[in-house]
Amino acid sequence: MQKIAIVTGGNRGIGFEICRQLARMGIKVILTARDEGKGKDAVRKLQYEGLDVVFYSLDVTDEQSIKRLAGWVERTFNRIDILINNAAINIDEDCTALKADINKIKETMETNVYGPLRLCQALLPIMRKNNFGRIVNVSSGAGALNEMTTGSPGYRISKTALNVITKLLGNELVATNITVNSLCPGRVRTDMNPNGERSVEQGADTAIWLADENVETGKFFRDRKEIPW
Ligand code: NAP
């Protein structure tokens, strides 16, 4: 049976490349984006490459939008095999924790933490019905306590919190065939990080691996290798 994957923030950057690579593996990809025009343009590009990709509108900060997606997926496919929580914002890069704007931290948490958690909550019942799932949380070394430096306080806090979600859900689902893992893609050249050294292909690699292989659950990876939290 053809696997079905959802990718958040699929219209550009690493998310777009993840959509492409999953679809190249024969997986049906639901490319989601908050901007319908940008999302549909991205889907058209991949369909032009002969790939099985469809668009669904999703703003990860909008609970109703997440519920609509989950309802549509259940009615249309009655399964979901892969969820890639990729969408994120980094809006307080030049800020210190001391001077951090709490509203920016809240906004970042909505997108980078509560969005992925709500998506897991909405889609896990469908995964459980088939006792299969691969949840991949695109985190960052910026959230690793082990690598913590300064700057981007909201972003760093959000990625550390996302890793907590990975660990909690990994533990809660340990007796199932559903894995939940975090990854750091490295410094990837995208709108979020124009000076990144890595290509989007390199940035997508560990996400594709986690979506495809039966990797141990509740871990944090970079370059397909486990890294400390
Ligand atoms: P990007 O080019 O800025 O793309 C971010 C994506 O997230 C865009 O598609 C954006 O949509 C989407 N997004 C933001 N808020 C959203 C919302 N509320 N609902 C739905 N989509 C939303 O960033 P990227 O570099 O590809 O980053 C992808 C992931 O990798 C992120 O989780 C990021 O934290 C992580 N990461 C990146 C790097 C790096 O060096 N690039 C390093 C470590 C981790 P719009 O186009 O509508 O804004």
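A polar contact is a pair of N or O atoms within 3.5 Å; within protein, one must be able to donate a hydrogen and the other to accept it, and residues adjacent in sequence count only if both atoms are side-chain atoms. The model is predicted: local features need pLDDT of at least 70, side-chain atom pairs count only at pLDDT 80 or more, and totals for chains, interfaces and linings use all residues. Residues are numbered from 1 along each chain as its sequence is written, and side-chain values use heavy atoms, with hydrogens and water left out.

**Exercise 1.** Identify the polar partners of the ligand at Val 60, Thr 190 and Asn 193.

*Solution.*
- Step 1. At Val 60 the partner is a polar backbone atom, 3.0 Å from a nitrogen atom of the ligand.
- Step 2. The side chain of Thr 190 places an N or O atom 2.5 Å from a ligand oxygen atom.
- Step 3. A ligand oxygen atom also has a polar side-chain atom of Asn 193 at 3.0 Å.

**Exercise 2.** Characterise the shell around the ligand by residue class and by contributing helices.

*Solution.*
- Step 1. The shell comprises 28 residues (a heavy atom within 4 Å of the ligand), and those that come nearest are Asn 11, Asn 86, Tyr 155, Val 188 and Thr 190.
- Step 2. By class, the shell holds 11 nonpolar, 11 polar and 6 charged residues; Ala, Val, Leu, Ile, Met, Phe, Trp, Tyr, Cys and Pro count as nonpolar, Asp, Glu, Lys and Arg as charged, and the others, Gly among them, as polar.
- Step 3. At least two shell residues come from each of helix H1 (13-24) and helix H5 (153-172), helices being DSSP runs of H or I with at least four residues, numbered from the N terminus.

**Exercise 3.** State the extent of the C-alpha trace along its principal axes.

*Solution.* The trace of the protein spans about 50 × 40 × 35 Å.
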